[in-house]
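Biologist: Could you take a close look at one part of this model for me, the salt bridges, and then walk me outward from there to whatever else turns up around them?

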Amino acid sequence: MFKKILVANRGEIACRVFRTAKRLGIGTVAVYSDADKAALHVEMADEAVHIGPPAAAESYLIIDKIIEACKQTGADAVHPGYGFLSERREFAERLKAEGITFIGPPPNAIEAMGDKITSKKIAAEANVSIVPGHMGLIDDAEHAVKIASDIGYPVMIKASAGGGGKGMRIAWNDAEAREGFDRSKSEAASSFGDDRIFIEKFVTEPRHIEIQLLADQHGNCVYVGERECSIQRRNQKVVEEAPSPFLDAATRKAMGEQSVALAKAVGYHSAGTVEFIADKDRNFYFLEMNTRLQVEHPVSELITGIDLVEQMIRVAAGEKLAMSQDDIVLNGWAVESRLYAEDPYRKFLPSIGRLSGYQPPVEAATETLAIRNDTGVVEGSEISMFYDPMIAKLCTWAPTRIEAVDAMSDALDQFVVEGVGNNLPFLSALMDHPRWREGRLTTGFIAEEYPDGFLGVTPDTESEARLAACAAILDDIVTKRRAGISGARFRKASGTAAVKRVVCLEEKRTAVALDVVAGGYQVAVEGAGKLGVETSWQPGQPVAEMKIDGKLYWFKVAAVPGGFRLRHRGVDCRLQVLTPRLAELADRMPRKEAPDTSNLLLCPMPGLVINLQVGEGDRVEEGQPLAIVEAMKMENVLRAEKSAVVEKILVSVGDSLAVDAVMMEFAA
């Protein structure tokens, strides 16, 4: 077994590998850039080596620096995590030449499966089902249009060396094929240093299902169940689960056996994943093989009890797999939610900044519930523009799918993240979505269910009653605290007159009456009857746990003038709590009008201007591209929202912009 493992990565995956290495008694080494000097993975490792500036191309992607760090610390093995150098053949070969073990597959398998064109040819030879498409090189945008037309729309345009949703576009017509080719080619060049593109048929009503593999260096290979990853946005996975609610035993077996056949065809060993797209009739087609650990591997671990990182380490050390296919049993259900630093109210555009608040739910592992949070941040950590915007991967396990989903809803309600925009409210909304709960999924789920983006959740009648009761109780607790601090006398014993308040949610006013009873409150909410509420919340706590009529609920709490900001089940609202007299007077106050920005193009995310497609004086039409802003390696095309004339352009190519920076002014 290895004495010391260096993880050539950062963030949550580095922390994840360190946890297993430490459990196995193996020493750990972190590498870090200037931006990660105070990162959690650096603090967690036994040793840490500085490798350069923040940009990955000057630090985490420099093979010589990783090898030098190994020599400096005496690390005899390297785990690459995912991303960065994890699927770079040259990296594995250089390590081998230096006598350092690469904890991953052999270089030839990395190369063969890392190229999407080559991998599909190998898959076809191994009798693996593949999607119809053009695997040859594409000359230019017009050539792409011809190929797409021959295949038949819709088509998927992909970077051959791509991954993580980068360099991918769906085209439904010639114009989209032309633009998609240009954008995919540009993204592929900047993200992977390889601008080769291929085109394949886009399967309608598709489900994204992947098979987890484990293979050793002695010819043994097993499949460790499947994961469904159909909840995606811009080809980037958002929620995953294991097993899939769609597969039957026969399809699972067929997918698994084809995956094993492909692995054996390329002499694969280590953990790996074969990804498929499946149609509504359970016909499935090979997409690609990821020759590394997947981001979503925790859900497979939760339903099998297998530590995939441990197996990777043992395989790399030359050990045989300690399991056969018959030993692998799927137990219960697991769900993973990817918590990203992105603003769901701004079409999920990236957000950067410092985590002024970070309090994940308490992890647990019992016979009926597991909560796991894989993360690489703590309160005070910075979400940088240089790296992936993932904050954490929250996972829940339970005996059944609905129980696992409900556990996820509760865990998301308890998860506090402040300081950066994040997708927590969107994830919470997903958990309550009827179509998700029923398992009726496709990769187009988000686009189909949220065509105008995420606009928040409007509380139903029951939720409104809970929110009103919660706000009134919080106000009562705060009022008592203030009275105690000031020394003022304050009512009241059980049985005295109820405290009356008016809770204001936007334009709606709800009368609430609080009675103190043994163990808590009896709350009369206008239009909803009486609720029995128990809570131990104290002012300053970011989450209020409340037992309402015997059921536990969690509300994220922040004080705002005159009341509270409450977040619960995807609802994000500000509630004023007023006396009846103040509520009457408040209705007479003038309303502040929002500023008119309809004649401005505002930068929707922090990013870099890489292209301006119009000039001053140009007339533009609705939907016309105006500029391209790159954020976290993704190119975002900004389009005109209406017909207008460009009056002023206030930015230049190469400018770094903050969110809401004014880029252009328009005249009607």
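Modeller: Let's start with R207 and E228, which are both buried. This is a predicted model, so keep that in mind throughout. The side chains of R207 and E228 meet in a salt bridge, at 2.8 Å from N to O. R207 sits in strand β10 (residues 207-215) and E228 in strand β11 (residues 221-233), with the two positions 21 residues apart in sequence, and the pair links distant parts of the chain.

A search of the whole structure finds 56 salt bridges, and a few others are worth your time. Take K393 and E12, whose side chains form a salt bridge at 3.3 Å, N to O. Here K393 belongs to strand β23 and E12 to helix α1 (residues 11-23), so this contact ties together parts that are 381 residues apart in sequence. Buried or exposed, K393 and E12? Both K393 and E12 are buried.

Next, try R346 and D660, with a salt bridge of 2.6 Å, N to O, between their side chains. This pair also links distant parts of the chain, 314 residues apart: R346 is in the loop between β16 (342-343) and β17 (349-350), and D660 is in the loop between β39 (656-657) and β40 (662-667). R346 has a relative accessible area of 30%, so it counts as partly exposed. D660 comes out at 35% relative accessibility, so it is partly exposed too. Then there is a network, in which salt bridges that share partners join R16, R19, R23, E301, D307, E310, R314, E319, R372 and D374.

Stay with D660 for a moment. Its phi is near 70 degrees, a positive value in a residue other than glycine. D660 also has a partner in space: the C-alpha atoms of M605 and D660 are separated by 7.1 Å, although the residues are 55 apart along the chain. M605 lies in the loop between β33 (600-602) and β34 (607-612). With a relative accessible area of 0%, M605 is buried, whereas D660 is partly exposed.

N127 is another residue with a positive phi, about 65 degrees, although it is not a glycine. You'll find N127 in the loop between α6 (116-125) and β6 (133-134). At 65% relative accessibility, N127 counts as exposed, the cut-off being over 50%.

While we're on backbone geometry, check the prolines. The peptide bond from Y153 to P154 is cis, with omega near 0 degrees, and P154 is in the loop between α7 (141-151) and β7 (155-163). The peptide bond from A242 to P243 is cis as well, with omega near -5 degrees. P243 is placed in the loop between β12 (236-242) and α9 (249-265).

Back to the region of β23, this time for the surface. F386 lies in the loop between β22 (382-383) and β23 (390-398), and its relative accessible area of 38% makes it partly exposed. F386 joins I352 and M385 in a nonpolar surface patch, with about 260 Å² of accessible area together.

Now for the empty space. The search of the whole structure finds one cavity of 30 Å³ or more, and about 50 Å³ of space lies in it. Its lining is made of E464, A468, V503, L505, K508, T510 and L575. By class that gives four nonpolar, one polar and two charged residues. α16 (461-486), β25 and β26 (508-517) each supply at least two of the lining residues.

Helix α16 also holds S463, which counts as buried at 12% relative accessibility. S463 and H568 are 8.8 Å apart, C-alpha to C-alpha, with their positions 105 residues apart in sequence.

L505 and L575 turn up again in the second largest pocket. Among its 28 lining residues, L505, E506, C573, R574 and L575 lie nearest its centre. The elements giving two or more residues to this lining are β25 (499-505), β31 (563-568) and β32 (571-578), and β32 gives the most, with seven residues. The pocket has a volume of about 630 Å³. What classes of residue make up the lining of the second largest pocket? There are 15 nonpolar, six polar and seven charged residues.

Conventions:
Residues are numbered from 1 along each chain as its sequence is written. This is a predicted model: local features need pLDDT of at least 70, side-chain atom pairs count only at pLDDT 80 or more; totals for chains, interfaces and linings use all residues. Side-chain values use heavy atoms; hydrogens and water are left out. On a 1 Å grid over the protein atoms alone, a cavity is a set of points where a 1.4 Å probe fits but cannot get out, and a pocket is an open set with protein on both sides within 12 Å along at least five of seven lines; lining residues have an atom within 4 Å of a point. Grid points are joined across faces, edges and corners, and a volume is the space filled by probe spheres set on the points. Helices (H or I, at least four residues) and strands (E, at least two) are DSSP runs, numbered from the N terminus. Ala, Val, Leu, Ile, Met, Phe, Trp, Tyr, Cys and Pro count as nonpolar, Asp, Glu, Lys and Arg as charged, and the others, Gly among them, as polar. Patches are made of residues with over 30% relative accessible area and no salt bridge: like charges are joined within 9 Å, nonpolar side chains (Val, Leu, Ile, Met, Phe, Trp, Tyr) within 5 Å. Accessible areas come from the Shrake-Rupley method with a 1.4 Å probe; for residues, only the protein chains shown count as cover. A salt bridge is a side-chain nitrogen of Lys or Arg within 4 Å of a carboxyl oxygen of Asp or Glu. Buried means under 20% relative accessible area, exposed over 50%, partly exposed in between (1.4 Å probe, protein chains only).
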